[in-house]
Amino acid sequence: MAGLMVSGTQVSYVGQYCREIPESLGRDFGHFAKRLDLSFNLLRSLEGLSAFRSLEELILDNNLLGDDLVLPGLPHLHTLTLNKNRITNLEYLLDHLAEVTPALEYLSLLGNVACPNELVSLEKDEEDYKRYRCFVLHKLPNLKFLDAQKVTRQEREEALVRGAFMNVVKPKNYVCCMLPCSHPHDNELNL
C-alpha cells in the first residue's frame, strides 16, 4: 500500500487523498495499532475504524469530516485530534465523544467552525473561545488538554458551575423585524 508507514504499534496513512478508510488497513493493522494517523486525506466518514479497537491515539487532521461524524466505541482512546475539518455542531460532537471515548484526555478541534477562534473567523474573539472551552470541559470533564492548551484548575471549576450555559448558538437566519418589509430576507422567512 503506497503511502503506508508502520512503526511498532503506530500506523500512518497520511496524504493519500482517500475518501474512506481502506478495508485492508483495518484487516492488516487494526488488531495491534495503538496510534493511527489518517491526516491530510479526504475522509468524510470513519467507516472501517471499528477494526481498530485498541487505539489510544487517533489523528484525523485536515480531512472533510463534518457533523455526521460517527466513531465506534474506542474505550482506550485518550488522544483525538480533529483539527481543520468541517465540524460545526459542537454539542452533538461532545455528546458523541462522551459516549464512545470514555478515556479521552486530549482533544483538539482547532480550525473547525465549532471551535470559535481567529483561525476560523475574524468575528470570533478570546471571550468566544473561553466560553467554548468552558462548554467543552462541562461535557468532557476528564480532559487534561484542549486544543494543545493544558486545562487549568480554574477552567475546570468554572465548567462545573457555568459550563452548561456556555454553548453559544447563533441562528442561521435571523428575523430583523416583525412586520413585513421589502428586505432581502423576506423570501427566506416567507413574509
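Helices here are DSSP runs of at least four residues (H or I) and strands are runs of at least two (E), numbered from the N terminus. On that basis the predicted model reads β-β-α-β-β-β-α-β-α-β-β-α-α along the sequence. That comes to 5 helices and 8 strands. Of the 191 residues in the chain, 40% are buried. The accessible surface adds up to about 11,000 Å², with carbon and sulfur atoms supplying 53% of that area. As for how the chain folds back on itself, take the contacts between residues at least 6 apart in sequence: 44% of these join residues at least 24 apart.

The N-terminal hairpin is a handy place to start. Strand β1 (residues 4–7) and strand β2 (residues 10–13) run antiparallel and are joined by 4 bridges. One of the pairings puts S7 opposite Q10, its bridge partner in β2. Just 2 residues sit between the two strands, and G8 in this hairpin takes a positive phi near 60°.

Past β2, the chain enters the loop that leads to α1 (23–29), and G15 is found there. G15 counts as partly exposed, because its relative accessibility is 28% and that class runs between the 20% and 50% cut-offs. Though 12 residues separate G15 from G3 in sequence, their C-alpha atoms are 7.6 Å apart in space. Setting aside neighbours within four places in sequence, G15 touches S39, F40 and N41.

Y17 belongs to that loop between β2 and α1 as well. Its backbone is worth a look, since most residues other than glycine have a negative phi. Y17 isn't a glycine, yet its phi is positive, near 55°. With a relative accessible area of 65%, Y17 is exposed, as anything over 50% is.

F40, one of the residues in contact with G15, tells a similar backbone story. Again a residue that is not a glycine, F40 has a positive phi of about 55°. F40 lies in the loop between β3 (35–37) and β4 (57–59). At 48% relative accessibility, F40 counts as partly exposed, because the exposed class begins only over 50%.

Now for the aromatic rings. A pair of rings is described by the distance of the centres and the angle of the planes. With centres required to lie within 6.5 Å, the model has 3 aromatic pairs. One of them is F29 with F32, at 6.0 Å centre to centre and with 80° between the planes. This pair is edge-to-face, because its angle is over 60 degrees. The two partners fall into separate burial classes: F29 is buried, at a relative accessible area of 14%, whereas F32 is partly exposed, at 26%.

Another of the pairs brings together Y106 and F145, whose ring centres are 6.1 Å apart. Their planes meet at 40°, so this pair is tilted. Here the pairing links distant parts of the chain, as Y106 is in strand β6 (residues 106–108) and F145 in strand β7 (residues 145–146), 39 residues apart. Both rings belong to partly exposed residues: Y106 has a relative accessible area of 22%, and F145 has one of 33%.

Definitions and conventions. Residues numbered from 1 in each chain as written. Predicted model: local features only at pLDDT ≥ 70, side-chain atom pairs only at ≥ 80, totals over all residues. Heavy atoms only, no water. Phe/Tyr/Trp six-rings, centres within 6.5 Å; stacked < 30°, edge-to-face > 60°. Buried < 20%, exposed > 50% of the residue type's maximum accessible area, 1.4 Å probe, protein only. Pairing = 2+ DSSP bridges. Contact = heavy atoms within 4.5 Å. Areas by Shrake-Rupley, 256 points an atom, 1.4 Å probe, with all protein chains shown as cover.
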